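Biologist: I am new to this one. Can you take me through it in short steps?

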Amino acid sequence: MPQEIFSFLADLTVLVHATFVLFVVGGQILILIGWSRAWHWTKNATFRFLHLIAIGTVVLETLFRITCPLTTLESDLRLLANETTH
């Protein structure tokens, strides 16, 4: 039973990770499109601040060669579920 829980949590971590990547990449694409189409929501301060923090996190992880904590968490959960990791 615990192995299934760890496997589920690993899958959930992948979903969170994919959502984060989509927010970073998709957000930037939508901002650029929004400028040309005069979408007001792309100028929302909260959205822009969160997006900037997300991009900054990725940049800092890359500069300091830090493995993403979500990648580490998924890998650890896969090991606990006796699944293979990459």
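Biologist: Which residues do ring pairs link into a cluster?
Modeller: This is a predicted model, so keep that in mind throughout. The structure holds three aromatic pairs. Ring pairs join four residues into one cluster: Phe23, Trp39, Trp41 and Phe47.

Biologist: How are the rings of Phe23 and Phe47 arranged, and at what angle do their planes lie?
Modeller: The structure has three aromatic pairs. In the one formed by Phe23 and Phe47, the ring centres are 5.8 Å apart. Planes over 60 degrees apart count as edge-to-face. This pair is edge-to-face because its planes lie at 90°.

Biologist: Which parts of the chain does the pair of Phe23 and Phe47 link, and how many residues apart are they?
Modeller: The pair links distant parts of the chain. Phe23 belongs to helix 1, and Phe47 to helix 2, which covers residues 45-63. Their separation is 24 residues.

Biologist: Is Phe47 buried or exposed?
Modeller: The cut-off for buried is under 20% relative accessible area. Phe47 has 16%, so Phe47 is buried.

Biologist: What kind of aromatic pair do Trp41 and Phe47 form?
Modeller: The ring centres of Trp41 and Phe47 are 5.4 Å apart. The angle between their planes is 65°. Over 60 degrees counts as edge-to-face. So the pair of Trp41 and Phe47 is edge-to-face.

Biologist: How do Phe23 and Trp41 count by relative accessibility?
Modeller: Buried is under 20% and exposed is over 50%, with partly exposed in between. Phe23 has 29% relative accessibility. Trp41 has 41%. Therefore Phe23 counts as partly exposed, and Trp41 counts as partly exposed.

Biologist: Where is Ala38, and what is its phi?
Modeller: Ala38 sits in the loop between helix 1 and helix 2. Ala38 counts as exposed because its relative accessibility is 52%. Most residues other than glycine have a negative phi. Ala38 has a positive phi, near 60°.

Biologist: Which residue in the segment after helix 3 has a positive phi although it is not a glycine?
Modeller: Helix 3 spans 69-80, and the residue lies in the segment after it. Its phi is about 60°. At 60% relative accessibility, the residue counts as exposed. The residue is Asn82.

Biologist: Which residues is Thr13 in contact with, leaving aside its neighbours within four places in sequence?
Modeller: Thr13 lies in helix 1, residues 2-37. Its relative accessibility is 7%, so Thr13 counts as buried. Its contacts are Leu70, Leu73, Glu74 and Leu77.

Biologist: How many helices and strands does the protein chain have?
Modeller: From the N terminus on, the elements run α-α-α. That gives three helices and zero strands.

Biologist: What is the radius of gyration of the protein chain?
Modeller: The C-alpha atoms fill a box of roughly 50 × 30 × 20 Å along the principal axes. For a compact globule of 86 residues, the radius would be near 12 Å. The protein chain has 17 Å.

Biologist: What share of the 86 residues is buried?
Modeller: The protein chain exposes about 6,500 Å², and carbon and sulfur atoms supply 72% of that area. Buried means under 20% relative accessible area. Buried residues make up 22%.

Biologist: How far apart are the centres of the positive and negative side chains?
Modeller: The protein chain carries 5 positive and 6 negative side chains. Each set has its own centre. The two centres lie 24 Å apart.

How values were computed: Residues numbered from 1 in each chain as written. Predicted model: local features only at pLDDT ≥ 70, side-chain atom pairs only at ≥ 80, totals over all residues. Heavy atoms only, no water. Helix = DSSP H or I, 4+ residues; strand = E, 2+ residues; numbered from the N terminus. Rg over C-alpha atoms; globule rule 2.2 N^0.38 Å. Buried < 20%, exposed > 50% of the residue type's maximum accessible area, 1.4 Å probe, protein only. Areas by Shrake-Rupley, 256 points an atom, 1.4 Å probe, with all protein chains shown as cover. Lys, Arg positive; Asp, Glu negative; His and termini not counted. Charge placed at Lys NZ, Arg CZ, Asp CG, Glu CD. Contact = heavy atoms within 4.5 Å. Phe/Tyr/Trp six-rings, centres within 6.5 Å; stacked < 30°, edge-to-face > 60°.
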